[in-house]
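Reader: Hey, I'm new to this one. Could you walk me through it?
Author: Sure, let's put it on screen.

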Amino acid sequence: MRKPEGAHRWRMIFTVLGAVAVALGSFWLLEVMNKSSQDVSAGKKLDEPDYFVTNFSLVRMDLQGKPSYIVSGAKLTHYPADDSSDIDQPFVRKISPGVPPLNMTAELAHIDQGNTRLQLSRKVVIDRVAGPKTQNMTLKTEALTIFPDEERMESAVPVDLLSGRSHVTGVGLKANNASSVVEVPNSVRIVIPPRKAVPAK
């Protein structure tokens with residue numbers, strides 16, 4: 001058991017977290033819906049929703065015409081005052097060739113700042129099973145903010161991260177793709193189980 005302080009470089013963990021930012025780019029499919037609401041919202045109060053969609057599902061294809069990621073939710077509500085949207089029970093699945101899908105769930109998602117910030121809140125879980133070239137990964141927290149255009153994410157609340165057999169807990173999270181650094185700034189605790197002994201021949 002080790003208890004280091006400050007930033008820690010976990011390149012394998014960050015590779016997984018970086019995939020989350022890429023997957024959440026799927027929410028930008030909603031930008032077309034948001035822009036089209038300008039005509040619909042004429043005559044409505046700006047502090048009220050101008051439209052909502054229930055039980056929606058969107059699939060984005062890659063350049064080869066294959067599904068890249070899926071976004072779904074129980075309800076999407078759009079607000080014309082700041083061109084933001086709320087999604088109840090959001091679910092995102094990132095599909096990549098050769099690796100297991102990456103699934104993201106929460107109770108609520110909020111998209112704002114010109115579709116450049118996504119805030120997941122309440123029972124946020126990011127999960128991927130192990131594959132031939134990847135470890136299992138599960139991240140749990142109550143709030144996670146994603147900035148896909150800037151390739152970074154952050155949280156100010158407790159986080160619980162399991163990657164392979166390593167377990168990391170702490171308060172706060174800062175992940176930056178440009179520097180390949182994942183930082184858990186406060187009360188960080190890392191548990192790395194000892195390697196299994198190799199039987200003597």
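Author: One term before we start: two strands pair if DSSP finds at least two bridges between them. And keep in mind that this is a predicted model.
Reader: Okay, so how do β8 and strand β9 pair, and over how many bridges?
Author: β8 and β9 (residues 137-147) run in the antiparallel sense, with nine bridges between them.
Reader: Which residue stands opposite Arg128 in β9?
Author: That's Met137.
Reader: What about strand β7, how does that pair with β8?
Author: Also antiparallel: β7 covers residues 108-112, and five bridges link it to β8. Within that pairing, Ile111 faces Leu118 in β8.
Reader: How many residues sit between β7 and β8 in the hairpin?
Author: Four. One of the turn residues, Gln113, has a positive phi of about 50°.
Reader: And strand β6, how many bridges join it to β8?
Author: Three, and the two strands are antiparallel. β6 spans residues 102-105, while β8 runs over residues 117-128. Asn103 has Asp127 of β8 as its bridge partner.
Reader: Switching topic: how many aromatic pairs are there?
Author: Zero, counting ring centres within 6.5 Å as a pair.
Reader: Hm, then which ring does the charged end of Lys75 sit over?
Author: The ring of Phe52, with 4.8 Å to its centre.
Reader: And where does Arg152 lie?
Author: Over the face of Phe147, 4.1 Å from the ring centre.
Reader: Great, thanks!

Conventions: Residues numbered from 1 in each chain as written. Predicted model: local features only at pLDDT ≥ 70, side-chain atom pairs only at ≥ 80, totals over all residues. Heavy atoms only, no water. Phe/Tyr/Trp six-rings, centres within 6.5 Å; stacked < 30°, edge-to-face > 60°. Lys NZ or Arg CZ within 6 Å of the ring centre and 35° of its normal.
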